[in-house]
Amino acid sequence: MTVAAQIGAHILLFFLVFGMSATVDVGRMKKQMRNRAALGIGLLLQFVILPFVGFLIVKIFKFPAPLGITLLVVTSSPGGSYSNWWCSMFNADLALSVTMTGLSTILSIFLLPLNLLIYASGS
């Protein structure tokens with residue numbers, strides 16, 4: 001893929017994410033911020049269960065260090081625009097998805113390095 005195609009793909013992805021997020025009413029997002037159960041389950045799955053599953057896969061299949069660290073980074077990273085896109089496609093709660101994406105992105109500043117510290121030293 002040429003550099004121009006890569007830049008074009010990134011620009012299109014930006015507009016896709018921005019367009020979907022712009023359709024969500026701010027009031028609905030504020031309402032979702034009070035939805036403690038949904039956000040708590042999402043954060044638990046995103047930053048506790050998924051990294052642990054990634055760690056187990058690395059241990060079970062005895063991946064070499066570069067591949068293992070890569071999998072740990074991927075499983076410790078926050079959700080992103082594709083979850084918003086799928087929610088939009090299937091008429092799911094887009095406000096919850098956008099709220100969860102924003103919250104997990106902010107929390108990943110601290111939780112991604114913490115998960116990598118915990119699991120990379122154990123693998």
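**Notes on a predicted six-helix model**

1. Gln-32 is a good place to start: its relative accessibility is 8%, so the residue counts as buried, the limit for that label being under 20%. Please keep in mind throughout that we are looking at a predicted model. Gln-32 belongs to helix 2, which covers residues 26-33.

2. What does Gln-32 contact, once its neighbours within four places in sequence are left aside? The partners are Leu-39, Asp-93, Ala-95, Leu-96 and Thr-99. A C-alpha distance links Gln-32 to a further residue, Val-98: the two are 66 residues apart along the chain, yet 9.5 Å separates their C-alpha atoms.

3. Now for the overall picture. The protein has six helices and zero strands, which gives the pattern α-α-α-α-α-α when read along the sequence. Along the principal axes, the C-alpha atoms fill a box of roughly 45 × 45 × 25 Å.

4. Two overall percentages go with that picture. Of the 123 residues, 24% count as buried. Among contacts with a separation of 6 or more, 74% are between residues 24 or more positions apart. The Gln-32 and Val-98 pair, at 66 residues apart, gives an example of two positions distant in sequence with C-alpha atoms 9.5 Å from one another.

5. The packing of helix 1 on helix 5 deserves a look in your viewer. Helix 1 (residues 3-22) and helix 5 (residues 81-89) meet at an angle of about 55°, and their axes are 10 Å apart. That angle makes helix 1 oblique to helix 5, because it falls outside the ranges for roughly parallel (under 35 degrees) and roughly perpendicular (65 to 115). The crossing of helix 1 past helix 5 is left-handed.

6. Which residues make this contact? Helix 1 supplies Leu-13, Leu-16, Val-17 and Met-20, while helix 5 supplies Ser-81, Asn-84, Trp-85 and Ser-88. Sorted by class, the contact of helix 1 with helix 5 has five nonpolar and three polar residues, with no charged ones.

7. Helix 6 spans residues 94-122, and Ser-108 sits in it. Is Ser-108 buried or exposed? Its relative accessibility is 11%, so Ser-108 counts as buried. A polar atom of the Ser-108 side chain lies 2.7 Å from the backbone oxygen of Thr-105. Not counting residues up to four places away in sequence, Ser-108 touches Phe-47, Pro-78 and Pro-113.

8. Asn-115 is another residue of helix 6, and with a relative accessible area of 7% Asn-115 is buried. Its contacts, leaving aside neighbours within four places in sequence, are Phe-47, Pro-51, Ser-76 and Ala-120. Phe-47 is thus a partner of Asn-115 and also of Ser-108, a link worth following on the model.

9. Leu-112 is in helix 6 too. Beyond residues up to four places away in sequence, Leu-112 touches Val-73, Ser-76, Ser-77 and Pro-78. Ser-76 is also on the list for Asn-115, and Pro-78 is on the list for Ser-108. Leu-112 and Val-74 are 38 residues apart along the chain, with their C-alpha atoms separated by 9.6 Å.

10. Ile-106, again a helix 6 residue, makes a useful contrast with Ser-108. Its relative accessible area is 54%, so Ile-106 is exposed, whereas Ser-108 is buried at 11%. Pro-78 appears here as well: Ile-106 and Pro-78 are 28 residues apart in sequence and 8.8 Å apart from C-alpha to C-alpha.

11. Finally, two loop residues have backbone angles to check. Lys-62 is not a glycine, but its phi is positive, about 50°. Lys-62 is placed in the loop between helix 3 (36-61) and helix 4 (65-76). At 70% relative accessibility, over the 50% limit, Lys-62 counts as exposed.

12. Asn-91 invites a similar check. Phi of this residue is near 55°, a positive value although Asn-91 is other than glycine. Asn-91 lies in the loop between helix 5 and helix 6. Its relative accessible area of 74% is why Asn-91 is called exposed.

Definitions and conventions
Residues numbered from 1 in each chain as written. Predicted model: local features only at pLDDT ≥ 70, side-chain atom pairs only at ≥ 80, totals over all residues. Heavy atoms only, no water. Helix = DSSP H or I, 4+ residues; strand = E, 2+ residues; numbered from the N terminus. Buried < 20%, exposed > 50% of the residue type's maximum accessible area, 1.4 Å probe, protein only. Contact = heavy atoms within 4.5 Å. Axes fitted to C-alpha atoms, helices over the stretch in contact; angles between N-to-C directions. Parallel < 35°, antiparallel > 145°, perpendicular 65-115°, else oblique. Left-handed = near helix turned anticlockwise from the far one by under 90°. Nonpolar A, V, L, I, M, F, W, Y, C, P; charged D, E, K, R; others polar. Polar contact = N/O pair within 3.5 Å; in protein donor to acceptor, adjacent residues only side chain to side chain.
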